[in-house]
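Visitor: I'd like to learn how to read a protein model, starting with its cysteines. Could you walk me through it?

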Amino acid sequence: YETGKALVDVVPTGRGGPAGLSSPLSWRGSLMVPGSDGFLHVIDRDTGSIEQLIDFGVPLCATPCVAEDSLCIATLTGRIVCFAP
């Protein structure tokens, strides 16, 4: 799986292409993959198929974390978003 084109170039060896700046998190049977393309990529852990793309509009450069029963992620602009089931 490859994310889309990065919204910010911070990887000197890969300018203008996709870039992964943080680790994915396994949560509720899915891989939550933060992309520097501005999307949180939700991937089925068993099949590898994309389940959902959540548009943040700004690069996601931090690994998501679980807080109680919610998923939290920070954006490059400092916004913190939590998803509750």
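Visitor: How many disulfides does the count come to here?

Guide: In general, a disulfide is a covalent bond between the sulfur atoms of two cysteines. The rule used here is a pair of cysteine sulfur atoms within 2.5 Å, and by it the count comes to one disulfide. C72 and C82 are the pair, with an S to S distance of 2.4 Å. They link distant parts of the chain, 10 residues apart, with C72 in strand β6 and C82 in strand β7. A quick word on the source: this is a predicted model, where local features need pLDDT of at least 70 and side-chain atom pairs count only at pLDDT 80 or more, while totals for chains, interfaces and linings use all residues. Residues are numbered from 1 along each chain as its sequence is written, and side-chain values use heavy atoms, with hydrogens and water left out.

Visitor: Why is the disulfide of C72 and C82 right-handed?

Guide: Look at the torsion about the S-S bond: it is about 100 degrees, so this disulfide is right-handed.

Visitor: What about C65, and which cysteine sulfur is closest to its own?

Guide: That would be the sulfur of C72, but at 4.9 Å it is too far from C65 for a bond. C65 does have another link to C72, as its bridge partner in β6.

Visitor: Are these cysteines buried or exposed?

Guide: Here's the scale: buried means under 20% relative accessible area, exposed means over 50%, and partly exposed is in between (1.4 Å probe, protein chains only). C72 has 11%, so it is buried. C82, at 49%, counts as partly exposed. C65 is partly exposed too, with 40%, and C61 is partly exposed with 28%.

Visitor: Now the strands. How do I read a sheet?

Guide: Strands of a sheet pair through backbone hydrogen bonds, either parallel or antiparallel. Strands are DSSP runs of E with at least two residues, and helices are runs of H or I with at least four, numbered from the N terminus. Two strands pair if DSSP finds at least two bridges between them. In this model, an open sheet of three strands has the order β5-β6-β7, with antiparallel pairing. β5 and β7 stand at the edges with a single partner strand each, so one side of each has no neighbour in the sheet.

Visitor: How many bridges join β5 to β6, and β6 to β7?

Guide: Three bridges join β5 (residues 65-67) to β6, and four join β6 to β7. One pair of partners is A74 with I80 in β7. The β5 and β6 hairpin has two residues between its strands, and E68 in the turn has a positive phi of about 60 degrees. In the hairpin of β6 and β7, with five residues between the strands, G78 takes a positive phi near 95 degrees.

Visitor: Which residues make up the largest nonpolar core?

Guide: A nonpolar core is a set of buried Ala, Val, Leu, Ile, Met, Phe, Trp, Tyr and Cys residues joined through side-chain atoms within 4.5 Å. The largest one has 11 residues: L25, W27, M32, L40, V42, I54, F56, L60, L71, I73 and V81. β1 (25-27), β3 and β6 each supply at least two of them. Strand β6 (residues 70-74) is mostly covered, with four of its five residues buried.

Visitor: Which residues does V81 touch?

Guide: Contact means heavy atoms within 4.5 Å. Not counting residues up to four places away in sequence, V81 touches F56, L71, C72 and I73.
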